Amino acid sequence: AKLADDIGPWPISQPAIDIALTALSDHEWQISHSKRLYELSSKLVEILASAGFTIVAQQPLFVTIQDESIYEFHDHLARHGFWTRIYQNHPSMMRLGLISQQTDLSRFASIVSRWQK
């Protein structure tokens, strides 16, 4: 019980702590990674906006869109292996995480282009 109290409810492994400390001290990596996240987010926005979705937010790790047919679009993506999150308190809004692999991004763009409202 004492050990559980010391560790806390979400213990983090030493390798994860070491990786985080390395990343936090590497300012060049932070800058290049931030640029990469922005590029990925912008590509996702471009695909979704070209399909007619309203972009509500563009964040470093996800994009939020809004549309009246969001549940149908969510189902369409899920049937093709892409999982999204619909906001419980805003049922016309959906969050999509970034897609980092070019092959997956191309496949996603193709699936979105086949979406019919």
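**Figure 1. Secondary structure of the predicted chain.** The chain holds 5 helices and 4 strands. Starting at the N terminus, their order is α-α-α-β-β-α-β-β-α. The model shown is predicted.

**Figure 2. Overall dimensions of the chain.** The radius of gyration is 18 Å, whereas a compact globule of 117 residues would have one near 13 Å. Measured out along the principal axes, the C-alpha trace spans about 55 × 40 × 25 Å. Among contacts between residues at least 6 apart in sequence, 51% join residues at least 24 apart.

**Figure 3. Surface and charges of the chain.** Of the 117 residues, 27% count as buried. The accessible surface comes to about 8,200 Å², and carbon and sulfur atoms account for 57% of that surface. The chain carries 10 positive and 12 negative charges, and the mean positions of the two sets are 6 Å apart.

**Figure 4. Helix α3 from end to end.** Helix α3 takes in residues 27-50, which is 24 residues. At 1.5 Å a residue the helix should span 34 Å, and its end C-alpha atoms lie 35 Å apart, so the two values agree.

**Figure 5. Buried residues of helix α3 and their cover.** The residues of α3 that count as buried are L37, L40, S41, L44, V45, I47 and L48. Their cover includes two helices, α4 (70-79) and α5 (102-113). Strands β1 (54-58), β2 (62-66) and β4 (90-97) are also among the elements that cover these residues.

**Figure 6. Close-up of I31 in helix α3.** I31 is a residue of helix α3. Its relative accessibility is 51%, and because the cut-off for exposed is over 50%, I31 counts as exposed. From I31 to G81 the C-alpha distance is 31 Å, with their positions 50 residues apart in sequence.

**Figure 7. Close-up of Q30 in helix α3.** Q30 also has its place in helix α3. With a relative accessible area of 26%, Q30 is partly exposed, because that value falls between the limits of 20% for buried and 50% for exposed. Beyond its neighbours within four places in sequence, Q30 is in contact with A23, L24 and S25. P15 is 15 residues from Q30 in sequence, and their C-alpha atoms are 19 Å apart in space.

Notes. Residues numbered from 1 in each chain as written. Predicted model: local features only at pLDDT ≥ 70, side-chain atom pairs only at ≥ 80, totals over all residues. Heavy atoms only, no water. Rg over C-alpha atoms; globule rule 2.2 N^0.38 Å. Buried < 20%, exposed > 50% of the residue type's maximum accessible area, 1.4 Å probe, protein only. Contact = heavy atoms within 4.5 Å. Areas by Shrake-Rupley, 256 points an atom, 1.4 Å probe, with all protein chains shown as cover. Lys, Arg positive; Asp, Glu negative; His and termini not counted. Charge placed at Lys NZ, Arg CZ, Asp CG, Glu CD. Expected span 1.5 Å × (residues − 1).
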